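Here's a quick briefing to read with the structure open beside you. Take it one topic at a time and look for each piece as you go.

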Amino acid sequence: MYEIIEGFLEAVELIITLDPDVMAISARSIIISFTATIFATMIAVPLGAAINFGTFRGKKSLINLIQTLYALPTVIVGLLIFLLISRVGPFGFMRLLFTPTAMIIAQTVLVLPIMTGLTISALSGVDPVIRDTLHSLGATRLQFLINIMKEARFAILATVAVGFGRAISEVGAAILVGGNIMASSFMSSTRVLTTAISLETSMGNIPKSIALGIILLVIALGVNLIIATIQHR
Amino acid sequence: MRRRTLFAVATVMVALLLICGCTGTTQPDTPVDTEKQQLRIATTTSLYDTKLLDRLSAIFEEEHNAEVLIVSAGTGKAIEYGQRGDVDVLMVHDRAREDVFLADGYGTNRRVFAYNYFIIVGPESDPAAIKGLQPEEAFTAIREKGMAGDADVIFVSRGDASGTHSKEKAIWKGAGFNYSTDVQGSGDWYQEAGTGMGATLSMTNEKQAYALSDIGTYLAYKGDLDLVTLVDEGDILLNVYCAMQINPEKYPDINSTIAKDWINFMISDDVQKEIASFGVDQYGQPLFYAAQDDWEKIGVSLAEVTDPVL
Amino acid sequence: MIELIDVSKRFGDTVVLAGVTARVERGEIFAVIGPSGAGKSTLLRLINLLDRPGGGKIRVNGVDIHAEKEQRLRIRRMMGMVFQKPAAFNSTVYENIAVGLRFRGTGEGVIRKKVRDALDVVGLAGYEERRARTLSGGEMQRVALARAMVIEPEVLLMDEPTANLDPVSVGMIEELVLRINRDLGTTIMISTHDMYQGQRLAHRIGVLMDGAFAQVGTPREVFTVPASREVARFVGIENIIEGVVVAAGNGKSAIDVGGIPIQAVSPLSRGEDVCLCIRSEDLRIVQPDGGGVPSGNSLPGTVTSIAPRGPFSRVTVDCGFVLSSILSWKAVDSLGIREGSRVVVSFAPESVHVVRAAQG
């Protein structure tokens with residue numbers, strides 16, 4: 001118990017004094033996961049709309065598949081990307097392994113199924129009468145899509161929050177494709193909150209782990225809080 | 001539907017393009033220094049966790065205007081990275097596997113730069129009475145007492161194919177046991193942790209058991225552990241660290257120039273002095289011994305500790 | 001201006017519409033009435049281009065609306081539709097009404113004026129900034145109406161618009177429908193399962209049964225001269241009895257119903273199997289000794305039940321077959337009848353509406 005309290009106090013000190021290591025790691029976590037979430041949104045939302053409003057064979061099976069992929073373990077995504085971008089892999093020539101870019105790719109792939117699936121849910125949750133009303137008022141395809149998105153905006157926003165939360169909290173893929181590198185330059189390092197916590201704990205640096213853990217919690221919960229506030233306007 | 005599909009496809013392509021664009025900016029050319037080279041090193045967790053490499057790489061980066069990226073993992077994984085050509089330099093401490101690595105042509109230009117000893121730690125009460133014994137004798141005693149059913153005698157193994165684990169297996173072999181039949185799974189006295197050294201030591205501490213540890217990790221955790229060093233002498237406990245270049249013939253994109261620079265850096269006189277004094281301020285004793293002084297003792301050739309790589 | 005030519009539609013194995021044919025004239029209010037599930041909503045949706053017919057054609061102003069893809073948007077934009085469920089977008093009332101105008105790229109200033117005018121017309125002036133989803137059902141439907149009308153459509157389609165509303169709101173909407181048709185000359189097609197609403201609002205009524213129009217005509221025609229037994233039943237004619245024509249001539253027929261002769265006015269000829277439809281209001285009940293319609297039908301029988309029906313009583317008499325009449329309580333009292341009383345049911349031949357039994 002004493003260890004926890006002591007660790008907690010030192011952690012607060014690290015945060016308040018803006019310890020440079022801790023700050024750099026936190027900033028990197030946010031940047032990488034935020035970028036991944038943006039990319040995933042740009043793909044998932046149009047894709048979700050296309051699937052939801054399209055009529056084609058195997059639509060139900062596709063949606064089932066997407067929902068099954070929600071449970072895709074992060075290490076498997078990490079392993080997959082690792083094999084693809086390792087120097088002996090098909091995309092080895094791009095030299096992406098152990099770069100922040102690789103982590104962005106991995107996290108994007110990771111959250112894509114759940115964001116697509118939730119987008120589909122959000123859009124299908126819009127009253128069919130609303131759809132008829134929009135068509136009846138003479139909406140072009142584009143106008144229709146934009147307005148449906150507007151109607152489902154809260155659910156879609158929640159989707160983005162879920163995506164970001166998942167991206168920033170995962171550690172399996174981040175370690176595999178990032179390597180948890182702490183280099184001298186910000187851009188080349190790949191150590192983020194989750195991988196750092198893992199490392200510091202295994203090295204016995206409890207205060208630092210707790211500090212990073214607090215920050216991770218604050219960020220993850222903070223984002224959800226912001227989204228919830230917007231939704232209640 | 002067609003239009004929407006097109007829209008979705010277009011978005012995916014745009015996203016991919018952006019990703020490729022990002023790749024361009026994280027290449028060795030960082031916005032600040034135009035000609036900074038990147039050196040990628042794979043090493044084991046036990047070496048990395050001592051923070052020796054962080055200290056040395058800071059010096060190296062200044063002298064050579066380079067950026068050192070270090071990935072640490074279990075020995076097995078580090079070697080895997082080397083085999084896949086994902087790094088430029090491999091630094092491990094498992095002689096047998098290094099030899100295979102070199103023989104298979106994955107590595108070249110091995111140089112030994114430091115060594116230290118493994119230690120057997122355990123509870124102060126020492127129920128198996130191993131203090132002062134030779135490592136093989138100590139292991140035999142532990143096993144005997146454990147198999148006989150003495151509940152206070154437990155051995156916690158890394159159990160993760162790391163360098164430390166390999167050394168442990170070598171000691172069992174040296175003591176005359178067949179690891180897979182006589183030791184592994186032979187009773188509750190032998191427990192496999194499957195974790196890194198720090199976590200294994202924590203577990204050992206919890207159970208007040210015996211374990212094999214590298215000196216660096218033990219010293220780092222010492223304050224939190226109720227374990228003492230019981231056996232620290234014996235040739236078999238020797239732990240030799242080397243650095244080798246990934247073979248540019250197998251992987252032509254390897255940054256061989258900077259890799260060679262690093263290896264030469266490690267065996268340079270100044271760095272050897274740095275290594276020999278590392279950790280004294282913090283722990284009261286050095287964590288490593290410079291290889292150059294004791295090449296005979298540790299069983300390698302003079303060339304391996306002094307010859308610069310060309 | 002709207003021509004429905006043999007329109008059919010099926011969903012999976014269920015046939016919803018089969019051979020719907022009718023014309024809706026410009027400027028008229030046409031009500032589509034029929035039992036639930038008859039296909040009223042489907043029909044309106046087909047006209048509004050929200051779905052495609054499986055067979056047949058729909059022409060608006062002479063143009064087959066489903067023929068060319070490029071036309072669809074243009075044609076849809078000259079029609080407005082109000083749905084059964086008041087569906088408001090999740091924004092302000094102003095935004096809701098403005099949607100259609102925004103689609104058409106109308107300038108903001110023009111939109112502001114039109115929305116304000118529309119709100120005035122539907123009696124919701126000043127509601128611009130209210131959140132649409134917080135309105136009552138009736139208010140939401142009026143917003144929906146405003147939203148449909150603000151784009152100045154030539155045709156207004158309404159799918160059971162008052163089905164879920166309270167009576168006051170129903171009245172408001174009906175008044176608006178009449179006003180819109182009168183002041184703007186909009187052609188209106190309204191579907192409803194409330195036949196009295198159809199009667200109140202429409203110039204002509206189409207009775208949709210089993211996927212097709214069983215009858216199209218003025219309210220009076222539909223209610224008093226149903227084209228088939230099913231229509232008769234739907235418009236609330238309680239007495240429908242089967243018989244055979246035994247003699248005909250001079251526009252009059254004698255029909256044999258289970259051995260009892262009935263005089264009726266009908267052009268049908270001898271030997272035809274028919275159904276007789278008689279409205280309860282047209283049946284008079286008199287004492288066996290006197291009264292009754294001169295040169296009409298007088299059938300003696302026994303009262304089998306007297307059931308209350310609001311301020312009236314439904315009196316059922318067995319004359320060999322069952323007839324029921326509607327009488328005020330006062331009439332029942334003055335007749336002094338009760339169950340088991342012997343009475344005479346009397347009605348004029350003109351009250352008997354004869355339809356071929358084979359129909360429907």
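**Two helices that cross in chain B**

Helix α6 (residues 135–148) of chain B packs against helix α7 (residues 163–174) of chain B at an angle of about 85°, and their axes are 8 Å apart. That angle makes α6(B) roughly perpendicular to α7(B). Keep in mind that this is a predicted model.

- On the α6(B) side, the contact is made by B:Pro135, B:Glu136 and B:Phe139.
- On the α7(B) side, look for B:Ile171, B:Trp172 and B:Gly174.
- Sort the residues of this contact by class and you get 4 nonpolar, 1 polar and 1 charged.

**Chain B as a whole**

- Zooming out, chain B has 14 helices and 10 strands.
- Of the 310 residues in chain B, 45% are buried.
- Take the contacts in chain B with a separation of 6 or more: 72% of them are between residues 24 or more positions apart.

**Which chains touch?**

- There are 2 pairs of chains that touch, and the pair with the most contacts is A and B.
- Chains B and C do not touch, and their nearest C-alpha atoms are 14 Å apart.
- Where chains A and C meet, 13 residues come from chain A and 15 residues from chain C.
- On the side of chain A that touches chain C, α6 (128–136) and α7 (141–151) of chain A each supply at least two residues.
- The helix that gives the most to that side of chain A is α6(A), with 6 residues.
- By class, the side of chain A that touches chain C divides into 4 nonpolar, 6 polar and 3 charged residues.

**The two domains of chain C**

- The domain assignment splits chain C into domain 1 (2–230) and domain 2 (237–356).
- Taken over C-alpha atoms, the centres of domain 1 and domain 2 of chain C are 40 Å apart.
- How many residues of each domain of chain C are in contact with the other? Domain 1 brings 5 residues and domain 2 brings 6.
- The side of domain 1 of chain C that touches domain 2 has 3 nonpolar, 1 polar and 1 charged residues.

**A five-strand sheet in chain C**

- Chain C has an open sheet of 5 strands in the order β13-β12-β11-β14-β20, with antiparallel pairing.
- Which strands stand at the edges of this sheet? They are β13 (260–265) and β20 (353–356) of chain C, each with a single partner strand, so one side of each is left without a neighbour in the sheet.
- From one strand to the next, the twist of this sheet averages 45°.
- Strand β12 (residues 252–257) of chain C is joined to β13(C) by 6 bridges, and the two run antiparallel.
- To spot one of these bridges, find C:Ser253, whose partner in β13(C) is C:Ala264.

**Strand β1 of chain C and its partners**

- Strand β1 (residues 2–11) of chain C is joined to strand β2 (residues 14–24) of chain C by 7 bridges, and they run antiparallel.
- Here, C:Ile2 has C:Val24 as its bridge partner in β2(C).
- Together, β1(C) and β2(C) form a hairpin with 2 residues between them.
- In the turn of that hairpin, C:Gly12 has a positive phi of about 65°.
- Strand β1(C) also pairs with strand β4 (residues 55–60) of chain C in the antiparallel sense, over 5 bridges.
- For that pairing, look at C:Ser8, whose bridge partner in β4(C) is C:Gly55.

Methods. Residues are numbered from 1 along each chain as its sequence is written. Chains are lettered from A and ligands numbered from 1 in the order in which they are written. This is a predicted model: local features need pLDDT of at least 70, side-chain atom pairs count only at pLDDT 80 or more; totals for chains, interfaces and linings use all residues. Axes are lines fitted to C-alpha atoms, for helices over the stretch in contact, and angles run from 0 to 180 degrees between N-to-C directions. Helices (H or I, at least four residues) and strands (E, at least two) are DSSP runs, numbered from the N terminus. Angles under 35 degrees count as roughly parallel, over 145 as roughly antiparallel, 65 to 115 as roughly perpendicular and the rest as oblique. Two residues are in contact if their C-beta atoms, placed from the backbone, lie within 7 Å. Ala, Val, Leu, Ile, Met, Phe, Trp, Tyr, Cys and Pro count as nonpolar, Asp, Glu, Lys and Arg as charged, and the others, Gly among them, as polar. A residue is buried if 20 or more other C-beta atoms lie within 10 Å of its own, exposed if 12 or fewer, and partly exposed in between; C-beta atoms are placed from the backbone. Domain bounds come from an automatic or database domain assignment. Two strands pair if DSSP finds at least two bridges between them.
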